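User: Please take a close look at one helix of this protein together with what surrounds it, and set it in the context of the whole model.

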Amino acid sequence: MDSEKARQFSTADVSIVIHATEDENRILDAINSTLSINADKFRHMESTGHWKNKILLLTGNLESQEANVLAQKILSSLSSVDRDQISTSYDSSIDEKGNLYLRLDKQGICQGRISLSESDSIRVKLRPVKRFSGHSIFK
């Protein structure tokens, strides 16, 4: 099978939590310039935190071509250390349906860098057109 076909995605779901102390427009501008996702792709939902602080949840869904562009941008921009981290934690990055889950560093994105992070992250779920076999995503 062609390795490019093995890495095609049907959709990408992106979710971001924006805290009251963060500038929503700055984050959306950074996401647009670093990940090429326009602000109009996101739905906004307001919530309240434990201490009555405002929390904004942004969710966006990218279809086919946009999902593939995002996946290629992320995977080609990650450092070898981040790529190794995904590879070694493969079982926790891919679910039973073959969806790939990534957490990107929100502060890094605001500085124009794409890297992985477990805290204060931008969550990305990539749904493949076909299930991945083994570690084919990195080939």
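Analyst: What follows moves from the model as a whole to helix α2 and its surroundings.

This is a predicted model, in which local features need pLDDT of at least 70 and side-chain atom pairs count only at pLDDT 80 or more, while totals for chains, interfaces and linings use all residues. Residues are numbered from 1 along each chain as its sequence is written, and side-chain values use heavy atoms, with hydrogens and water left out. The average pLDDT (the predictor's confidence in each residue, from 0 to 100) is 89 for the protein, and 88% of the residues score at least 70. Residues 1-6 call for caution, since pLDDT stays under 50 there and the model has four contacts beyond four places in sequence for them; a contact means heavy atoms within 4.5 Å.

The protein has six helices and five strands, taken from DSSP runs (H or I of at least four residues for helices, E of at least two for strands, numbered from the N terminus), and their order along the sequence is α-β-α-β-β-α-α-α-β-α-β. Of the 139 residues, 43% are buried, where buried means under 20% relative accessible area, exposed over 50%, and partly exposed in between, with a 1.4 Å probe and protein chains only. Among contacts between residues at least 6 apart in sequence, 67% join residues at least 24 apart.

Helix α2 covers residues 24-35. Its twelve residues should span 16 Å at 1.5 Å a residue, and the end C-alpha atoms are indeed 16 Å apart; the expected span is 1.5 Å times one less than the number of residues. The buried residues of α2 are I27, L28, A30, I31, T34 and L35. Seen down the helix axis, these buried residues fall within an arc of 160 degrees, so they line one face of α2, the arc being that of the directions from the helix axis to the C-beta atoms. On the other side, N25, D29 and S33 are exposed.

Both ends of α2 have local features that can be described. At the N-terminal end, D23 acts as a cap, with a side-chain oxygen 3.0 Å from the backbone nitrogen of N25. Just after the helix, S36 takes a positive phi of about 60 degrees. Further on, N38 lies in the loop between α2 and β2 (42-48) and, at 42% relative accessibility, counts as partly exposed. N38 and L28, ten residues apart in sequence, are 7.7 Å apart in space from C-alpha to C-alpha.

The loop that precedes α2, between β1 (9-19) and the helix, contains E22. The side chain of E22 makes a polar contact of 2.9 Å with the side chain of K106; such a contact is a pair of N or O atoms within 3.5 Å, and within protein one must be able to donate a hydrogen and the other to accept it, while residues adjacent in sequence count only if both atoms are side-chain atoms. K106 is found in helix α6 (residues 106-110) and counts as buried at 1% relative accessibility. Leaving out residues up to four places away in sequence, E22 touches V17, I27, K106, Q107 and D120, and K106 touches residues including I16, H19, E22, I27 and D120. I27, one of the buried residues of α2, is thus listed among the residues touched by E22 and among those touched by K106.

Helix α2 is also part of the surroundings of α3, as what covers the buried residues of α3 includes β1, α2 and β5 (121-128).
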